[in-house]
Amino acid sequence: MNVTIVGTGYVGLVTGACLAELGNNVFCLDVDDAKIRLLNAGGMPIHEPGLEEIIQRNVEEGRLVFSTDAAASVAFSDLHFIAVGTPPDEDGSADLKYVLAAARQIGRHMEGFKVIVDKSTVPVGTAEKVTAVVREELAKRGRDELAFSVASNPEFLKEGAAIDDFMRPDRIVLGVEDNERGERALSMLRELYRPFNRNHERTRVMDVRSAEFTKYAANAMLATRISFMNELANLADRVGADIELVRQGIGSDPRIGYSFLYAGTGYGGSCFPKDVDALCRTAHENGLPLQVLDAVQRVNHGQKQVLLHKIFSQFGKRLAGRTFAIWGLAFKPGTDDMREAPSRSIICALLRAGARIRAHDPVAQEQAARALALDMQDQPQLLANITFVAKPMDAVAEADALVVLTEWKNYKSPNLRALKDAMRSPLVLDGRNLYEPHAMAAAGITYLGIGRNNLALLAPEQRVQPEALLVSDPVRADEVAAESGAVAAADEEPMAVLAELATHAAAGTQKLHGEQSIGSNAAAA
């Protein structure tokens, strides 16, 4: 089949490449000329394991093309997937301007029946808006007789495993209209996805609004599991339990399972934060606030501060003269995506408190540098205090502590003796609970995980104590702070400093909470 993909971002590239790999002819359209030139030159705008090889192979075999020519893209096929971004708007809702712009282009150039498929994550009711703008463009041209159908086919791809998720889907959700046009659209989509259903039927057919809702509901459920475990982990620290043992205990229940039950520093990325925000906004607009999901977001924003609380408790508010090693920058392994990555808030807070950072990530260092430059634009001079290194062990040399923020495979089994010997003080703050507390204790490393409550494994005299971590040259420390411009920041309460680093999604959610409270109070009055 001939297929047009509008948008060459994460979803569009993976979808287009995989459909071409199955033998379809795919036309990928994007308005970003620089990105199209990069792709046509064999470059990659994102990191996703296996994607570059698939794109190169299908380009060489003539099944995959990249272009900025909208008219050509519309003429190329009758099946158009809209896979553009839906970033959060100021109020937390999904911004549909790119989706509707793509739909307008189709309406301006179509000459026959088209199936327009919303692949982007969009709020319930988006298909009606797409239908309206296409009809508007057809009316301008005097071509009201042209028929089309708008369908929903949400993606369920995990960054870092997107190729496998697309090629081996656990479900294919198709939302279509309940009319003749919808039946025609369903027939075309079934034919496109036929190779995935040879072993067993994976297609779930439903109405369009239910399909749109399904994507948000799935992400909201996964986000809820993460925040649930994070909140339990914080309580485990207080009551003397090990959250990893608790995870194994409850995960063995088939009604619960093990997936998305890992405690850590909170979720990030391009999906969970904005999708939960958007669903909360939809609920608010319909007069039914989602109290559970409001709490999920609040817990997640707070969870990004947990490691900072541990760091400040260990070292105090003034971090001038301290060096922290960071392992992992991307929000998860297998990607260079820095959107809503917990590392951003943590690194910025450490820099503002006067610390020096030595950071390593296998693939995300370039993206991290860009993201941190944006986050620190009010104090760009502090960026001089962060160094990106080539190897994980390069980061820990003479470090006061190692902070683990992403669970990359090459961090999971370090040489603990070499790790201890390289550091100024053997202290590891593990935001992903990668390590076995008994092994860390046996190596003489003070280990602080999330909800592990394992300090009892080390005798008090063996632990790295806050008072044992004094900077040997306080005069030099003050000079370092003064040079970096961090003195004023270090005088502030740590959490006040961190408050400045609240993400756009967090601000939108808090605004929503406030509006809901006002609405509730008004109703009560």
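1. In which helix does Leu308 lie? In this predicted model, Leu308 belongs to helix α13, which covers residues 306-315. Its relative accessibility is 0%, and because anything under 20% is classed as buried, Leu308 counts as buried. Leu308 and Ile347 are separated by 39 residues in sequence, while their C-alpha atoms are 9.5 Å apart in space.

2. The sheet with strand order β11-β10-β9-β12-β13-β14 is open, has six strands and is paired in parallel fashion. Its edges are formed by β11 (386-388) and β14 (446-448), each of which pairs on one side only. On average, and with direction ignored, neighbouring strands of this sheet are turned by 20° against each other.

3. Within that part of the chain, strand β9 (residues 323-327) pairs with strand β10 (residues 356-360) in the parallel sense, and five bridges are found between them. Thr323 has Arg356 in β10 as its bridge partner. The chain passes from β9 through α14 to β10, and the resulting β-α-β crossover is right-handed.

4. Strand β10 also runs parallel to β11, to which it is joined by three bridges; here the bridge partner of Arg358 is Thr387 in β11. The connection from β10 to β11 goes through α15, and this β-α-β crossover, too, is right-handed.

5. The two helices named in those crossovers can also be described relative to each other. The axes of α14 (residues 342-352) and α15 (residues 365-375) come within 10 Å and cross at roughly 55°, and the two helices are therefore oblique to each other. Their crossing is right-handed.

6. Elsewhere in the six-strand order, strand β12 (residues 401-404) and strand β13 (residues 427-430) pair in the parallel sense over three bridges, with Val403 standing opposite Leu429 in β13. Ahead of β12 is the loop that connects it with α16 (392-396), and Glu398 lies in this loop. Glu398 has a positive phi of about 60° although it is not a glycine, and with a relative accessible area of 48% it is partly exposed.

7. A second residue to check for its backbone conformation is Phe260, which is placed in the loop between α10 (243-251) and α11 (272-285). The phi of Phe260 is near 60°, a positive value in a residue other than glycine. Its relative accessible area is 28%, and Phe260 is therefore classed as partly exposed.

8. Turning to strand β4 (residues 79-82), which side chains point together, and which point the other way? Leu79 and Phe81 point one way from β4, whereas His80 and Ile82 point the other way, and all of these residues are buried.

9. Strand β4 has pairing partners in both β1 and β5. With strand β1 (residues 2-6) the pairing is parallel over three bridges, and Val6 stands opposite Ile82 in β4. With strand β5 (residues 114-118) the pairing is again in the parallel sense, over four bridges, and His80 stands opposite Ile116 in β5. Helix α5 (residues 97-109), taken together with β4 and β5, makes a right-handed β-α-β unit.

10. How are α1 and α3 oriented to each other? Helix α1 (residues 10-21) packs with helix α3 (residues 51-60) at an angle of about 50°, and their axes are 9 Å apart. That angle is neither under 35 degrees nor in the range of 65 to 115, and α1 and α3 are therefore oblique to each other. In passing α3, α1 makes a left-handed crossing, whereas the crossing of α14 and α15 is right-handed.

11. A final point concerns the cysteines. A disulfide is a covalent bond between the sulfur atoms of two cysteines. A search of the whole structure finds zero disulfides. As for accessibility, Cys18 is buried, with a relative accessible area of 0%, while Cys271, at 21% relative accessibility, counts as partly exposed. The value for Cys271 should be read with the cut-off in mind, because buried means under 20%.

Technical notes
Residues are numbered from 1 along each chain as its sequence is written. This is a predicted model: local features need pLDDT of at least 70, side-chain atom pairs count only at pLDDT 80 or more; totals for chains, interfaces and linings use all residues. Side-chain values use heavy atoms; hydrogens and water are left out. A disulfide is a pair of cysteine sulfur atoms within 2.5 Å. Buried means under 20% relative accessible area, exposed over 50%, partly exposed in between (1.4 Å probe, protein chains only). Two strands pair if DSSP finds at least two bridges between them. A crossover is right-handed if, with the strands pointing away from the viewer, the path from the first strand over the helix to the second runs clockwise. Axes are lines fitted to C-alpha atoms, for helices over the stretch in contact, and angles run from 0 to 180 degrees between N-to-C directions. Angles under 35 degrees count as roughly parallel, over 145 as roughly antiparallel, 65 to 115 as roughly perpendicular and the rest as oblique. A crossing is left-handed if the near helix is turned anticlockwise from the far one by less than a right angle, and right-handed if clockwise.
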